[in-house]
Structure formats: structure tokens, C-alpha cells
Amino acid sequence: MKYNEREIRRTQVIEAAKQMMTAARTAPKAKGEDLLEILLVTDEEIKILSDKLHAMGEEMSRGGLMRDAINILSADAILLIGTRELP
């Protein structure tokens, strides 16, 4: 069997991102509190994220955000990791 990297790249990127999600979730947490929010963005959701990022860049006069909004359009997947606030 032969695999061409160009043909399987997208699938491999998404699988690697899923493993990163699990690794982040299972990593030790401060005080044992799990406040992580983890999201994997692909396909049309990347376009939505790009549009929002571009709008934020315009609103805040931040050229870097507008540049990044264009750059993420070439990504196969985007892994977002953040925390939520304690009540």
C-alpha cells in the first residue's frame, strides 16, 4: 500500500489535533480544577472564525488580526484552547 502525504494531510492534521485536545484535557490542572474549553475548528467554521477575526481587527485597528484572518483560511484545522472564569 502507498500513501501520498498530500492526499492524507488533512485527515492526519485533524487526527493530531484531536489527540492534542485529549492531551490538554488530561494534563495536570492548577488546584485540580478543570476550567479548559477546547474547540477544534474545520471547514466552513474556519471561514466564520476568519470573518470574526477580521471584523475584530477593523474594530480595534489591529492590522495583525486582519492579517491573521487571511492566514487561517489556508489551515486544515484550528485548535482553540482557553479557560472559562470561575463564578
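**View 1. Helices α2 and α3 run roughly antiparallel to each other in this predicted model.** Their axes make an angle of about 165°. That value is over 145°, so the pair counts as roughly antiparallel. The axes lie 7 Å apart. α2 passes α3 in a left-handed crossing. On the α2 side, the contact is made by Ser50, Leu53, His54, Met56, Gly57, Glu58 and Met60. On the α3 side, Leu65, Met66, Asp68, Ala69 and Ile70 take part. Two packed helices are described by the angle between their axes and the distance between the axes.

**View 2. Seven residues form the largest nonpolar core.** They are Val41, Ile46, Leu53, Leu65, Ala69, Ile72 and Ile78. Two elements, α2 (44–60) and α3 (63–71), give two or more residues to this core. Leu53 is one of the core residues. Beyond its neighbours within four places in sequence, Leu53 is in contact with Leu65, Asp68, Ala69 and Ile72. Leu65, Ala69 and Ile72 also belong to the core. In soluble globular proteins, nonpolar side chains tend to be buried together.

**View 3. Ser50 is a buried residue of helix α2.** Its relative accessible area is 5%, which is under 20%, so Ser50 counts as buried. Setting aside neighbours within four places in sequence, Ser50 is in contact with Ala69, Ile70, Ile72 and Leu73. Ala69 and Ile70 are among the α3 residues that make the contact with α2. Ser50 is one of the α2 residues in that contact. Ala69 and Ile72 are also members of the largest nonpolar core.

**View 4. Lys52 is an exposed residue of helix α2.** Its relative accessibility is 53%. The cut-off for exposed is over 50%, so Lys52 counts as exposed. Lys52 and Arg6 are 46 residues apart along the chain. Their C-alpha atoms are separated by 29 Å. Ser50, by contrast, is buried in the model, and Ser50 too is found in helix α2.

**View 5. Thr42 sits in strand β1 and is buried.** The strand covers residues 36–42. Thr42 has 19% relative accessibility. Buried means under 20%, so Thr42 counts as buried. Its side chain makes a polar contact with the side chain of Asp43, at 3.4 Å. Not counting residues up to four places away in sequence, Thr42 touches Arg10, Ile14, Asp76 and Ala77.

**View 6. Asp43 and Ser61 are loop residues with positive phi.** Asp43 is found in the loop between β1 and α2. Its phi is near 50°, and Asp43 is not a glycine. Asp43 is partly exposed, with a relative accessible area of 44%. Its side chain is the partner of the Thr42 side chain in the polar contact at 3.4 Å. Ser61 is found in the loop between α2 and α3. Its phi is about 55°, again in a residue that is not a glycine. Ser61 is exposed, with a relative accessible area of 63%. Most residues other than glycine have a negative phi.

**View 7. Ala24 is a buried residue of helix α1.** Its relative accessibility is 16%. Leaving out neighbours within four places in sequence, Ala24 is in contact with Lys29, Leu36, Ile38 and Ile81. Ala24 and Glu58 are 34 residues apart along the chain. Their C-alpha atoms are separated by 32 Å. Glu58 is one of the α2 residues that make the contact with α3.

**View 8. Lys2 and Tyr3 lie in the segment before α1.** Helix α1 covers residues 5–26. Lys2 counts as exposed, at 81% relative accessibility. Tyr3 is exposed as well, with a relative accessible area of 60%. How far apart in space are Lys2 and Gly82, C-alpha to C-alpha? They are 38 Å apart, with their positions 80 residues apart in sequence. Tyr3 and Lys29 are 26 residues apart in sequence. In space they are 39 Å apart, C-alpha to C-alpha.

Methods
Residues numbered from 1 in each chain as written. Predicted model: local features only at pLDDT ≥ 70, side-chain atom pairs only at ≥ 80, totals over all residues. Heavy atoms only, no water. Helix = DSSP H or I, 4+ residues; strand = E, 2+ residues; numbered from the N terminus. Buried < 20%, exposed > 50% of the residue type's maximum accessible area, 1.4 Å probe, protein only. Polar contact = N/O pair within 3.5 Å; in protein donor to acceptor, adjacent residues only side chain to side chain. Contact = heavy atoms within 4.5 Å. Core = buried A, V, L, I, M, F, W, Y, C linked by side-chain atoms within 4.5 Å. Axes fitted to C-alpha atoms, helices over the stretch in contact; angles between N-to-C directions. Parallel < 35°, antiparallel > 145°, perpendicular 65-115°, else oblique. Left-handed = near helix turned anticlockwise from the far one by under 90°.
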